[in-house]
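Biologist: I am new to this structure. Please walk me through it in short steps.

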Amino acid sequence: MSGTRRRFFQDAAIFGAGLLGMSSLEAQAEKSMRMRPREASHSHTPATGAPLPMVTPDILDLPVRMDGNVKEFHLVAEPVKQEIVPGRTVDLWGYNGSAPGPTIQVNQGDRVRIIVDNHLPEATSMHWHGFEIPNEMDGAPGASQDPIPPGGRFIYEFSLHQEGTYFYHSHMAMQEMMGMIGAFVMHPKNSYKPRVDKDFVIILQEYAILPNITVPNSMNMEFNWLTFNGKAGPATTPLIVRRGERVRIRLINLGMDHHPIHLHGHQFVITGTEGGRQPESTWGPGNTVLVGVAQSRDIEFVANNPGDWMLHCHLPHHMMNQMSSMVGPMSRRNGMPAGLDMERGMGMLRQGSATSEENGPSLGRGLGVGSTAEQTMSNSPLKPGNPMQHQGMQMGKPNVSKDANSVPGFPQDAFMEGPMMAMDKMVEKPENFGLRPGWSGFMAGMMTFVRVLPPDKYDQIMELREKKKGNKPMKMDMSGMEHPHE
Ligand SMILES: [Cu+2]
C-alpha cells in the first residue's frame with residue numbers, strides 16, 4: 001500500500017476522525033454505509049430487521065472485501081503511534097495503525113477469511129477469543145500453529161455460528177500488554193429484543209509508561225495510562241444519545257486488571273457476556289459492571305435521564321493520567337537522587353526499550369529486583385509556586401487553603417485534577433459541545449460521558465458534526481479505505 005494511504009489510515013485511527021473534521025461516530029456511520037449499505041441507517045428509529053450501525057468511538061471499522069460468499073479482512077500486526085491525550089503520543093503495538101486495532105463486524109453465519117500479516121520484529125499469533133472454530137484456526141502458538149514469523153503471513157478462515165461481543169488478540173502475553181487487541185462483533189441472525197437505538201463498543205486497556213518514555217513497560221504492574229479505545233480522558237469521545245433512546249455499550253477488557261465500569265444517572269442490565277447474549281431471566285438492574293480480564297460485557301439501558309453522565313472505571317487510580325508513585329516526587333524534589341545520572345534520575349531512556357536487559361530491572365517497579373530508582377513514596381508538601389505549566393492547558397492557581405501544606409495528606413487531588421488542569425480547547429469536538437467550561441480538568445484515565453440530550457441539543461450536535469464534515473481540514477481519500485494494505 002502507498003505511504004499516503006497508510007498514513008491516512010494510521011492518522012484516522014489514531015486521532016479518531018476528529019482531526020479530519022469528522023466525528024468518529026460520523027466516520028463510522030459513513031464507513032458502515034459504504035461497507036454494509038443494507039444495514040446502515042442514520043435514522044434513530046431504524047426499520048426493523050437490519051442490525052444498527054454499531055460504532056467504536058475513536059476507532060475505525062476494518063474494511064471488508066467480498067470474495068464470493070466469504071467476507072475477507074486484512075489485519076496487519078505492526079508498531080503504531082497512539083496519541084492517548086493531546087501531547088502524549090506513545091509507541092504501542094497494534095493492528096492497521098491503531099491500538100486497539102480496527103473493529104471487525106460480521107453477521108452470525110458468515111464465513112470469514114482474515115489475512116494476518118506480521119510487520120512486527122518478532123513472531124506473533126492471532127487468537128480468536130471465544131470462537132467455536134476448528135482447532136487449527138485457534139491461533140494458539142505452538143499448540144495449534146507455528147507462530148507467524150516477522151514478515152510472515154497466516155490466513156485464517158472459518159464459519160461463525162455464534163453471536164455477540166467477541167475480540168481478537170495476539171496470543172503472546174507481552175504483546176497483549178503492548179495493545180494488541182481488537183473488537184470482533186458478530187451480529188445475530190435474529191435481532192436482539194428489545195432493539196437498541198445506539199450501539200457502542202469500548203475496549204479497556206492499560207499501560208505502564210514512565211514520564212519522558214514513549215514505550216510501555218510490559219513487565220510493570222503500576223499502570224498509569226488507562227484507556228477507552230486507545231484514549232484517556234479528556235480525549236475520549238463522549239457517547240451521544242437522544243433522551244429516551246435504548247443504548248447498548250459493549251465493554252471488552254484485555255489487561256492486567258479487572259475494571260468496575262460505572263454509569264451515572266441510570267440503572268442498566270447486563271445483556272451479554274463474552275459468550276454471547278444472556279437470557280433475559282438473568283437481567284437484574286445495576287449501575288456498575290465488573291469487566292474482568294478477557295471478558296466482555298454488554299450493558300443496556302433506556303437513556304431517560306437527561307444530562308452529561310460520567311461513564312468510568314471506578315478504581316480510583318484508573319481515573320488518572322500519568323499517575324505513578326514517582327511522578328510527584330520527580331517533579332517536587334530538588335534535583336535528583338544522589339548517585340544517579342540524568343537518564344536514570346529522571347526516568348528517561350536514551351536507547352533500548354523499557355523492557356530491555358539494561359533498563360527493565362531498574363524501571364520494572366513491582367518486580368522488586370533491582371528497582372533501586374523506583375520506590376513507593378507518600379505525598380509530600382509542594383513548594384510554593386506553580387510547578388506545572390503545560391501549553392494549551394487553562395493553567396491557573398489551584399484552589400487550596402493557605403495552610404494546606406500543614407495538613408497531613410495534602411495534596412491529594414489539588415494538583416491532579418481541577419479547573420487548572422482543563423484543556424477544553426485541545427480536545428474540542430462536536431461531541432463535547434455544550435459541556436460545562438473546565439469539564440476536561442476532571443476527566444482522566446478510563447472516563448468518558450454518556451450525554452443524554454433533549455432533542456434540540458442532540459440535533460445541535462448532529463448539525464455540528466455535519467458542518468465539520470463539510471469543512472474538512474484534510475482531504476480524505478476514501479478510495480484508499482477499501483483495501484488499505486494492497
Ligand atoms: Cu479500572
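**The copper site and beyond**

Modeller: Start at the metal. This is a predicted model. The protein donors of the copper ion are His-259 through ND1, Cys-313 through SG and His-318 through ND1, lying 2.0 Å from it.

Biologist: How are the donor residues of the copper ion spaced in sequence?

Modeller: His-259 sits in strand β14, residues 259–263, and Cys-313 in strand β19, residues 307–313. That pair links distant parts of the chain, 54 residues apart. The full donor spacing is H-x53-C-x4-H.

Biologist: Are His-259 and Cys-313 buried or exposed?

Modeller: The cut-off for buried is under 20% relative accessible area. Both His-259 and Cys-313 are buried.

Biologist: How many residues of strand β9 are buried?

Modeller: Take the two faces of β9 in turn. On one side Ile-181, Ala-183, Val-185 and His-187 are buried. On the other side Gly-182, Phe-184 and Met-186 are buried too. Strand β9 is largely enclosed by the rest of the structure, because the buried count is 7 of the 7 residues.

Biologist: Which strand does β9 pair with in the antiparallel sense?

Modeller: Strand β4, residues 104–107, runs parallel to β9, with 4 bridges. There Ile-104 stands opposite Phe-184. On the antiparallel side, Gly-164 has Met-186 of β9 as its bridge partner. The antiparallel pairing has 6 bridges, and the strand is β8, residues 164–170.

Biologist: Which strands stand at the edges of the open sheet of 6 strands?

Modeller: The order of this open sheet is β11-β10-β13-β18-β15-β16, with mixed pairing. Within the sheet, β10 and β13 pair in the parallel sense over 7 bridges, and Ile-202 stands opposite Leu-251 in β13. Each edge strand has a single partner, so one side of each is left without a neighbour in the sheet. The edges are β11 and β16.

Biologist: What is the relative accessibility of Gly-139?

Modeller: Gly-139 is in the loop between β6 and β7. Its contacts beyond four places in sequence include Met-126, His-127, Tyr-156 and His-171. Gly-139 counts as buried because its relative accessibility is 0%.

Biologist: How far apart in space are Gly-139 and His-169, C-alpha to C-alpha?

Modeller: In sequence, Gly-139 and His-169 are 30 residues apart. In space, the C-alpha to C-alpha distance is 9.4 Å.

Biologist: Is the aromatic pair of Phe-154 and Tyr-156 stacked, edge-to-face or tilted?

Modeller: Phe-154 is partly exposed at 21%, whereas Tyr-156 is buried at 0%. Both belong to one aromatic cluster, with Trp-128 and Phe-184 also among its members. The ring centres are 4.4 Å apart. The planes are 45 degrees apart, and the pair is tilted.

Biologist: The charged end of which residue sits over the ring of Tyr-192?

Modeller: Look for a charge above the centre of that ring. The distance to the centre is 4.2 Å, and the residue is Arg-277.

Biologist: Which backbone nitrogen does the side chain of Asn-96 reach?

Modeller: Asn-96 lies in the loop between β3 and β4 and is buried, with a relative accessible area of 1%. Its side chain reaches the backbone oxygen of His-74 at 3.1 Å. At 2.7 Å, the side chain of Asn-96 also reaches the backbone nitrogen of Val-76.

Biologist: Is the peptide bond from Lys-193 to Pro-194 cis or trans?

Modeller: Pro-194 lies in the loop between β9 and β10. Omega for the bond from Lys-193 to Pro-194 is near -5 degrees, and the bond is cis.

Biologist: What is the phi of Asn-229?

Modeller: Asn-229 lies in the loop between β11 and β12. It is buried, with a relative accessible area of 2%. Asn-229 is not a glycine, yet its phi is positive, at about 50 degrees.

Biologist: Last one. What percentage of the residues in the protein are buried?

Modeller: The protein has 8 helices and 20 strands. Of its contacts with a separation of 6 or more, 75% join residues 24 or more positions apart. Out of 486 residues, the buried share is 56%.

Conventions
Residues are numbered from 1 along each chain as its sequence is written. This is a predicted model: local features need pLDDT of at least 70, side-chain atom pairs count only at pLDDT 80 or more; totals for chains, interfaces and linings use all residues. Side-chain values use heavy atoms; hydrogens and water are left out. Donors are N, O and S atoms within 2.8 Å of the metal (3.2 Å for Na, K and Ca); water is not among the atoms, so sites may look incomplete. Helices (H or I, at least four residues) and strands (E, at least two) are DSSP runs, numbered from the N terminus. Buried means under 20% relative accessible area, exposed over 50%, partly exposed in between (1.4 Å probe, protein chains only). Two strands pair if DSSP finds at least two bridges between them. Contact means heavy atoms within 4.5 Å. Rings of Phe, Tyr and Trp (its six-membered ring) pair if their centres lie within 6.5 Å; planes under 30 degrees apart count as stacked, over 60 as edge-to-face and the rest as tilted. A charge sits over a ring if NZ of Lys or CZ of Arg is within 6 Å of the ring centre and within 35 degrees of the ring normal. A polar contact is a pair of N or O atoms within 3.5 Å; within protein, one must be able to donate a hydrogen and the other to accept it, and residues adjacent in sequence count only if both atoms are side-chain atoms.
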